[in-house]
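Got your viewer open and a selection box ready? Here is a walk through the chain, stop by stop.

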Amino acid sequence: DPVVLGNVTLSDGVTIYLGNGGPALITVNSISGFANGAASHIVINSRAGVTVGAVGTDIGTITITNSGGTTFSSTVSAATVAITSTTVGNTVSFNGNLTLTSGMTVGAGSAAYNVAILGSSNSIAGATTFSNTGTVTLGDGSDAVAFTGGLVATAPSRVYLGGTITAAGTGVLNIGAPVTVSYNSTVGGTSTGAITVGAATLVDGVTLTVGAGAANAISMSTVT
């Protein structure tokens with residue numbers, strides 16, 4: 001049977017497990033912890049779809065062990081997101097602003113699953129590597145996605161760009177997978193790290209800007 005939860009508040013230091021690997025559809029209105037205490041954690045493990053609303057206030061790690069697609073429909077604020085796998089062709093989607101203060105890991109998983117970051121303003125600490133072999137979508141309009149320690153996306157089948165993708169310091173931006181530029185997009189920020197863009201296809205009427213004035217080494221494949 002489907003599992004439906006309202007607004008969930010986690011006591012300091014506890015972990016909520018959403019699913020036990022079975023086929024239950026899961027919906028949660030929101031999840032929050034208590035400020036200034038030990039961080040609380042979330043583990044998602046279901047073969048069916050999971051939908052979660054706003055997540056924030058002293059949340060440590062959000063782990064997606066498996067899902068039939070997970071949608072975060074509102075803002076997500078946590079230390080870390082760790083995606084192990086999701087079923088083939090399904091998507092882990094962050095539809096609201098995503099703020100991660102420690103980092104994000106995206107595993108290869110057992111199937112070609114997708115990841116989408118669609119909030120208007122997103123900040124992901126650390127160096128992020130997308131190891132999933134489905135697609136990655138970064139923005140769906142004039143969105144900003146800041147990978148403060150850099151980005152590597154060479155394993156995905158395709159990366160869809162829809163906004164401004166940046167790094168800081170000396171972080172690299174290596175989008176070596178095939179790229180579709182769906183909206184006006186910029187790859188480059190204050191980082192002086194190298195920028196790599198794979199074979200890029202631009203939809204009609206859009207502009208792709210590579211580099212934002214920093215002293216970057218830039219490598220691009222074909223552009224059509």
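Before the first stop, one term: two strands count as paired if DSSP finds at least two bridges between them. Keep in mind, too, that this is a predicted model.

**Stop 1: an open sheet.** Select β13, β15, β17, β20 and β23. These five strands form an open sheet in exactly that order, and the pairing is parallel. The edge strands are β13 and β23 (218–220), each of which pairs on one side only. For a look inside the sheet, pick β15 (residues 151–152) and β17 (residues 173–175), which run parallel and are joined by two bridges. Label Val 152 here: its bridge partner in β17 is Asn 174.

**Stop 2: a short strand with two faces.** Now select β12, residues 121–124, and show the side chains. Which residues point to which face? Asn 122 and Ile 124 point to one face and are buried, while Ser 121 and Ser 123 point to the other and are not. That fits a general pattern: in a regular strand the side chains alternate between the two faces of the sheet.

Add the neighbours of β12. Strand β10 (residues 98–106) pairs with β12 in the parallel sense over two bridges, and Leu 100 stands opposite Ile 124. Strand β14 (residues 135–147) also pairs with β12 in the parallel sense, over four bridges. There, Asn 122 has Val 145 as its bridge partner.

**Stop 3: onward from β14.** Select β16, residues 158–166. Eight bridges join β16 to β14, and the two run parallel; look for Ala 146 with its bridge partner Thr 166. Then extend the selection past β16:

- β18 (residues 179–181) runs parallel to β16, with three bridges joining them; Val 159 has Val 179 as its bridge partner.
- β19 (residues 185–187) runs parallel to β16 as well, with two bridges; the bridge partner of Thr 164 is Thr 186.

**Stop 4: the aromatic pairs.** How many aromatic pairs does a search of the whole structure find? It finds two. Start with Phe 72 and Phe 94, which are stacked, at 5.0 Å centre to centre with 0 degrees between the planes. This pair links distant parts of the chain, with Phe 72 in β7 (residues 70–72) and Phe 94 in β9 (residues 91–94), 22 residues apart. Both Phe 72 and Phe 94 are buried.

For the other pair, pick Phe 130 and Phe 147. Their ring centres are 6.1 Å apart and their planes sit at 85 degrees, so the pair is edge-to-face. Phe 130 is in the loop between β13 (128–129) and β14, Phe 147 is in β14, and the two are 17 residues apart. Are these rings buried or exposed? Phe 130 has a relative accessible area of 1%, so it is buried; Phe 147 is buried as well, at 0%.

**Stop 5: the nonpolar core.** Stay on Phe 130 and select what surrounds it. Leaving out residues up to four places away in sequence, Phe 130 touches a list that includes Met 104, Val 106, Val 115, Ile 117, Leu 138, Phe 147, Leu 151 and Pro 156. Phe 130 also belongs to the largest nonpolar core, which has 52 residues. Those with the most contacts inside that core are Ile 42, Met 104, Ile 117, Phe 130 and Leu 138. In soluble globular proteins, nonpolar side chains tend to be buried together.

Technical notes. Residues are numbered from 1 along each chain as its sequence is written. This is a predicted model: local features need pLDDT of at least 70, side-chain atom pairs count only at pLDDT 80 or more; totals for chains, interfaces and linings use all residues. Side-chain values use heavy atoms; hydrogens and water are left out. A nonpolar core is a set of buried Ala, Val, Leu, Ile, Met, Phe, Trp, Tyr and Cys residues joined through side-chain atoms within 4.5 Å. Buried means under 20% relative accessible area, exposed over 50%, partly exposed in between (1.4 Å probe, protein chains only). Contact means heavy atoms within 4.5 Å. Rings of Phe, Tyr and Trp (its six-membered ring) pair if their centres lie within 6.5 Å; planes under 30 degrees apart count as stacked, over 60 as edge-to-face and the rest as tilted.
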